[in-house]
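Work through the exercises below with the coordinates open. Each task is followed by a worked solution.

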Amino acid sequence: MIAAKAQLIEAAARGEAGAVSSLLSVCQPDLKRFARRTCSTTEDAEDAVQIALWQLYRKIGALRTAATFATWMFRIVERECYRLFRLRSKAEDLDELAPQDMPAAAAVPTDLRLDLVRAMERLTPPYREVLLLRDVHELTAPEVAAQLGLSLEAVKSRLHRARAQVREHLMASGYWMKDGALEPRSFEVNKDA
């Protein structure tokens, strides 16, 4: 990949026709070698390379200097290998448990599930996307930022707003007042403090 000439990298960053596809084919062998050494399985290595190439395709225009290109690409592969390893480890840990030892999920009332789905459907796509990746797929905020091509601050802001909107919808739906389950909290501000 170091052999990928600085001129080709700069041409791809400028968006010149054919430069990005040439850069993708030049980088792929080096990324595959690195991924095979870094990832725990062959499948993870292939997935990590595909993610890295996709990031290259999407974000090459944001690259400021050609000198940082190789580090950037290898770092993407390394992070992806680690993320895939963590996901695989969690799945294997649960696979090793006997059915009677599996942790029981708390029963979520159907009303709450329906209200939650409705609340998430009402979110605008950017907020819904961040909320799903972070809270449902359990990616870390930096992983969400990398996957969506956003800054970490943007992810945190969207996540905060999405959760607030979902909370408002759930409170407005009256779920918490059904069957006298919970009384709404009233927060008083102490003016003397």
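**Exercise 1: a salt bridge within one helix**

Task: Which acidic partner does the side chain of Arg83 meet in a salt bridge, and how far apart are N and O?

Solution. The model is predicted, so side-chain atom pairs count only at pLDDT 80 or more.
- Step 1. Arg83 pairs with Glu80, with N and O 2.5 Å apart.
- Step 2. Place the pair. Both residues lie in helix H4, three residues apart, or about one turn of the helix.
- Step 3. Check accessibility against the cut-off: buried means under 20% relative accessible area. Arg83 has 16%, so Arg83 is buried. Glu80 has 10%, so Glu80 is buried too.

**Exercise 2: a salt bridge between helices**

Task: With which residue does Arg86 form a salt bridge? Which helices hold the two partners?

Solution.
- Step 1. The partner is Glu143; the closest N and O atoms are 2.8 Å apart.
- Step 2. Arg86 sits in helix H4 and Glu143 in helix H7 (residues 141–148), so the contact ties together parts 57 residues apart in sequence.
- Step 3. Arg86 has a relative accessible area of 26%, so this residue is partly exposed. Glu143 is at 15% and therefore counts as buried.

**Exercise 3: another pair, and the count**

Task: Find the salt bridge of Arg118. How many salt bridges are there by this rule?

Solution.
- Step 1. Arg118 meets Asp115, at 2.9 Å from N to O.
- Step 2. Both lie in helix H5 (residues 110–122), three residues apart, about one turn of the helix.
- Step 3. Arg118 is at 42% relative accessibility, so it counts as partly exposed. Asp115 is at 6%, so Asp115 counts as buried.
- Step 4. The count comes to seven salt bridges.

**Exercise 4: the disulfide**

Task: Which cysteines form a disulfide? What is its handedness, and why?

Solution.
- Step 1. Apply the cut-off: two cysteine sulfur atoms within 2.5 Å. The count is one disulfide.
- Step 2. The pair is Cys39 and Cys81, with sulfur atoms 1.7 Å apart.
- Step 3. The torsion about the S-S bond of Cys39 and Cys81 is about -70°, so the disulfide is left-handed.
- Step 4. Cys39 is in the loop between helix H2 (19–38) and helix H3 (42–59), while Cys81 is in helix H4 (residues 69–96); the two are 42 residues apart and link distant parts of the chain.
- Step 5. Cys39 and Cys81 are both buried.

**Exercise 5: the nonpolar cores**

Task: How many residues make up the largest nonpolar core? Which helix gives the most to this core?

Solution.
- Step 1. The largest core has 25 residues; among those with the most contacts inside it are Leu23, Leu56 and Phe69.
- Step 2. Helix H1 (6–14), H2, H3 and H4 each supply at least two residues of this core.
- Step 3. H2 gives the most, with seven residues.
- Step 4. A second, separate core has 18 residues, including Leu131 and Val155.

**Exercise 6: the largest pocket**

Task: What is the volume of the largest pocket? Which element gives the largest share of its lining?

Solution.
- Step 1. The largest pocket holds about 590 Å³ of space.
- Step 2. It is lined by 23 residues; Gln55, Ile76, Arg79, Ala146 and Gln147 are the closest to its centre.
- Step 3. H3, H4 and H7 give two or more residues to the lining.
- Step 4. H4 has the largest share, eight residues.
- Step 5. By class, the lining has twelve nonpolar, three polar and eight charged residues.

Note on methods: Residues are numbered from 1 along each chain as its sequence is written. This is a predicted model: local features need pLDDT of at least 70, side-chain atom pairs count only at pLDDT 80 or more; totals for chains, interfaces and linings use all residues. Side-chain values use heavy atoms; hydrogens and water are left out. Helices (H or I, at least four residues) and strands (E, at least two) are DSSP runs, numbered from the N terminus. Buried means under 20% relative accessible area, exposed over 50%, partly exposed in between (1.4 Å probe, protein chains only). A nonpolar core is a set of buried Ala, Val, Leu, Ile, Met, Phe, Trp, Tyr and Cys residues joined through side-chain atoms within 4.5 Å. A salt bridge is a side-chain nitrogen of Lys or Arg within 4 Å of a carboxyl oxygen of Asp or Glu. On a 1 Å grid over the protein atoms alone, a cavity is a set of points where a 1.4 Å probe fits but cannot get out, and a pocket is an open set with protein on both sides within 12 Å along at least five of seven lines; lining residues have an atom within 4 Å of a point. Grid points are joined across faces, edges and corners, and a volume is the space filled by probe spheres set on the points. Ala, Val, Leu, Ile, Met, Phe, Trp, Tyr, Cys and Pro count as nonpolar, Asp, Glu, Lys and Arg as charged, and the others, Gly among them, as polar.
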